Amino acid sequence: MEGAKQKQRPLTVMAASSSSQVAAARGMGVGMANPLAEWKDRVKSLEAGLRAWMAKQPVHVEAAVSTAVGAVQGAALGGLMGTLAPDGGAALPVPPPPLGADPKALASFKQAQALAGGPLVQARNFAVMTGANAGISCVMRRIRGVEDVQGSMAAAFGSGALFSLVSGMGTPNPVANAVTTGVAFAVFQGGFFMIGQKFSQPKSEDTYYSRGRNMLQSLGLQNYEKNFKKGLLTDQTLSLLTDSALRDVKIPPGPRLLILDHIKRDPELTRAN
């Protein structure tokens, strides 16, 4: 009997050990549940906080930050493309220019060089292109109060022109080639923007301004919808609006009085919060 008990003890110890390991594994699983989802939520919250902070800054501050972020992203993408490309980091093998080549042939060679540079060249070119696009888009959005095809085309023109100048394309007439490249970028970007608008769903952020949009339209003040979005005056803030808050988003005195009177008289807007 004692021998049988001694044989059973290791089995009991092993079972207890295995059960404790399973429990520990479960505990670790609970603690590490959905790490990717948690990381995405943190990134989204950081992006929302950054957008809210930049919306309160002057135009030049937001443009500088947007340009820097866009340049870093473009440099990383360009460097990666240059590194992964064959022939020692060159995207395309480019033969040396022939001796005594005419200016047109030399210009074509320069264009090929711009597309065939190594990681550092590609990083520089993409950094200039994406940084300029982000900065100009930010300024146009602040000026026009909305992201539209005109602002998108203006940003594409600026990024294309700067890309042409920095990459060395267009010899012996770099200015004319910069204008041509900018126009080509603007046309393509405008077409893509209009196609995207046609097939895309309404922006999710617009749902936060639906009640305020209806209010402004009923008062004939729909032109001030962009002011509400600039100041992040969502539907949840309607019952809290004051004259100073509307003045901060640069709404004139007359429309301010109409808006505050409408909110005061409308029980649904009063209970919006």
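**Confidence, a buried glutamate and a nonpolar patch**

In this predicted model, mean pLDDT among the elements of the protein chain is lowest in helix 1 (residues 2–31), at 47, and highest in helix 11 (residues 243–248), at 94. Over residues 22–32 the pLDDT is below 50, and this stretch has zero contacts in the model beyond near neighbours in sequence. For the protein chain the mean pLDDT is 75, with 69% of the residues reaching 70 or more. Residues 88–94 also have pLDDT under 50 throughout, but for them the model has 18 contacts beyond four places in sequence. Where pLDDT is low, the predicted coordinates should not be read in detail.

Turning to a single side chain, Glu225 is placed in helix 10, which covers residues 225–230. Because its relative accessibility is 19%, and buried means under 20%, Glu225 counts as buried. Leaving aside residues up to four places away in sequence, Glu225 touches Arg213 and Leu216, and with the first of these, Arg213, there is a polar contact between side chains at 3.0 Å.

The surface offers another feature to follow, a nonpolar patch formed by Phe157, Val175, Val179, Val183 and Val187, which together have about 420 Å² of accessible area. Helix 8 (residues 174–199) gives the most to this patch, contributing four residues, while Phe157 lies in helix 7 (residues 149–167). Phe157 has a relative accessibility of 34% and therefore counts as partly exposed, since that class lies between the limits of 20% and 50%.

How values were computed: Residues are numbered from 1 along each chain as its sequence is written. This is a predicted model: local features need pLDDT of at least 70, side-chain atom pairs count only at pLDDT 80 or more; totals for chains, interfaces and linings use all residues. Side-chain values use heavy atoms; hydrogens and water are left out. Helices (H or I, at least four residues) and strands (E, at least two) are DSSP runs, numbered from the N terminus. Buried means under 20% relative accessible area, exposed over 50%, partly exposed in between (1.4 Å probe, protein chains only). A polar contact is a pair of N or O atoms within 3.5 Å; within protein, one must be able to donate a hydrogen and the other to accept it, and residues adjacent in sequence count only if both atoms are side-chain atoms. Contact means heavy atoms within 4.5 Å. Patches are made of residues with over 30% relative accessible area and no salt bridge: like charges are joined within 9 Å, nonpolar side chains (Val, Leu, Ile, Met, Phe, Trp, Tyr) within 5 Å. Accessible areas come from the Shrake-Rupley method with a 1.4 Å probe; for residues, only the protein chains shown count as cover. A salt bridge is a side-chain nitrogen of Lys or Arg within 4 Å of a carboxyl oxygen of Asp or Glu. pLDDT is the predictor's confidence in each residue, from 0 to 100.
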